[in-house]
2 protein chains.
Amino acid sequence: MRISELARRSGVPVGTVKYYLREELLPAGEPTSATQAQYGEEHVARLGLIRALLGTGGLSISTARAVLAAVDDPELSAHDMIGAAHSALPTMVGNERPDLGAAHAHLRRWGWQVHHDSPAVSVLAQALQALQAAGFDTPNALLDRYARAAHELGEQDVAEVPMDSPVEAVRFVVIGTLLLEPVLLSLRRLAQEDVSARRLFRWPDA
Amino acid sequence: MRISELARRSGVPVGTVKYYLREELLPAGEPTSATQAQYGEEHVARLGLIRALLGTGGLSISTARAVLAAVDDPELSAHDMIGAAHSALPTMVGNERPDLGAAHAHLRRWGWQVHHDSPAVSVLAQALQALQAAGFDTPNALLDRYARAAHELGEQDVAEVPMDSPVEAVRFVVIGTLLLEPVLLSLRRLAQEDVSARRLFRWPDA
DNA sequence: CATTATTAGCAAGTGGAACTATCTAATCAT
DNA sequence: ATGATTAGATAGTTCCACTTGCTAATAATG
């Protein structure tokens, strides 16, 4: 398959395919001459993954490159995998490092064993800070409930990782972690709608 | 307080404050002359909220404007509020409308009462499509567990909405829905880390 | 074999988003 | 009255994810 067919099959414009090649998101095809290369089914699948990461996953090109590198790495061993996957994932931090104190206090309260400098801790800390800056109170009870729900999900996520193949496991963790996020968020919103509809939520006629 | 002090207090550069004024994210101050205006504490707080929405919340300027308009609207009545809040929230869709069939099938299975054309349904549908495009299998069992966790959170979210003041309620729903999202996502990742650490997750020595 | 289409690879351009800088005329602070 | 500050407007900047336009080489077709 040549580039134009690859473009047709994947629904990605030729120019964009070339761009992804340049950005090393998509591996080069097998060159058959100075101006031609062959692409296979794996390229079609890879483009599907790339579009999913960039679109729904909301990743930048450079983050996607890191994530895909993790997916490709056959050396990635075991428990480090989740760590590697997570550190390849986007942190959306950007600005100064937030105060990790509150976040660590919560983690201690829940007895969670996590790396002290895990990027997710920074994200949590920053999110808590943002809530505070926005004047939104976050009592422990609320966070505890969120933590419990998150922990149930985390257990299920980890339990489902296919243990027979490291390559598949990395794929599973990286993609599952990232692409299930919008699923989770939209389900939460839909659940809010459902609950509020069920309660026929109304004000006492202001 | 004049603009330079407002900028100092909030940590937002003067030029950016002016930009937010232009974009109608921040209400104008009380003008004291043709070239001067007074700002108050509410402006400082509002800037905190704006930065939280734009930064941690990941909203665009135009989406933030819609969200803030919802927060400001004292008319917004009751159960419509959650709907209004949600429709003001970002959909991150952008491209063509996805096939809603699968999403609706799940919602029917769960017996959730949601608006057929709720934006969250589109987000869910698109996320499911992205998973499929990425070659990631999402069996019903997995989604069911996610739905159950999400529904628990949704119940708690709705139960905590302060019913005594419509204005506060809108604030709570909009900010809570948006700014707790990164909290939830980071907690899920941390829970994954915790679970995988506990299991001393290892391969059988490849 | 001649002609047309396609391709790899590269450089430059585009459009949107979120600021950031500059300027002017008015006003304030001392 | 002299320097600092401000509102308001316009223009410029930076970054990002493409997109366009090229060239020289190769492939497909009649």
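Which strand has a sugar or linking oxygen 3.4 Å from a backbone N or O atom of B:Thr35? It is DNA strand D. That is one stop on this tour of a predicted model.

**Before you start**

In this predicted model, local features need pLDDT of at least 70 and side-chain atom pairs count only at pLDDT 80 or more, while totals for chains, interfaces and linings use all residues. Residues are numbered from 1 along each chain as its sequence is written, chains are lettered from A and ligands numbered from 1 in the order in which they are written, and side-chain values use heavy atoms, with hydrogens and water left out.

**Stop 1: chain A**

Select chain A. It has 9 helices and 2 strands. Here helices (H or I, at least four residues) and strands (E, at least two) are DSSP runs, numbered from the N terminus. Follow the sequence and the pattern reads α-α-β-β-α-α-α-α-α-α-α. Of its 206 residues, 50% count as buried. Buried means under 20% relative accessible area, exposed over 50%, and partly exposed in between (1.4 Å probe, protein chains only).

**Stop 2: the two copies**

Now show chains A and B. A rotation of 180 degrees, with 0.0 Å of shift along its axis, superposes chain A on chain B (RMSD 0.1 Å). That is the relation of a two-fold axis. The fit is by least squares on the C-alpha atoms of residues with pLDDT of at least 70 in both copies. Select A:Ala149. Of the residues of chain A, its C-alpha comes closest to the rotation axis, at 2.8 Å. The copies meet through the same surface, because 100% of the interface residues of chain A are also interface residues in chain B.

**Stop 3: the core**

Select A:Trp112, A:Val183, A:Leu187, B:Trp112 and B:Val183. Of the 119 residues in the largest nonpolar core, these touch the most other members. A nonpolar core is a set of buried Ala, Val, Leu, Ile, Met, Phe, Trp, Tyr and Cys residues joined through side-chain atoms within 4.5 Å.

Zoom in on B:Trp112. Leaving aside neighbours within four places in sequence, its contacts (heavy atoms within 4.5 Å) include A:Leu187, A:Leu190, A:Asp194 and A:Arg198 from chain A. From chain B they include B:Leu107 and B:His151.

**Stop 4: DNA strand D**

Show DNA strand D. 23 residues surround this strand, and among the closest are A:Thr16, B:Ser4 and B:Lys18. A residue is near a strand if one of its heavy atoms lies within 4 Å of it. Of the strand D atoms within 4 Å of the protein, 76% belong to sugar or phosphate and the rest to bases.

Colour the elements. α2 (14-22) and α3 (41-54) of chain A, with α1 (3-10) and β2 (36-38) of chain B, each supply at least two residues of this surface. The largest share, 5 residues, comes from α2(A).

Next, look for polar contacts with the strand, which are pairs of N or O atoms within 3.5 Å; within protein, one must be able to donate a hydrogen and the other to accept it, and residues adjacent in sequence count only if both atoms are side-chain atoms. A polar side-chain atom of A:Ser33 lies 3.3 Å from a sugar or linking oxygen of DNA strand D. A backbone N or O atom of A:Ile61 is 3.4 Å from a phosphate oxygen of DNA strand D.

**Stop 5: DNA strand C**

Switch to DNA strand C. 22 residues surround this strand, including A:Ser4, A:Lys18 and B:Ser60 among the closest. α2(B) gives the most to the surface, with 5 residues.

Finish with two side chains. A polar atom in the side chain of A:Lys18 lies 2.9 Å from a base nitrogen of DNA strand C. An N or O atom in the side chain of A:Tyr39 is 3.1 Å from a phosphate oxygen of DNA strand C.
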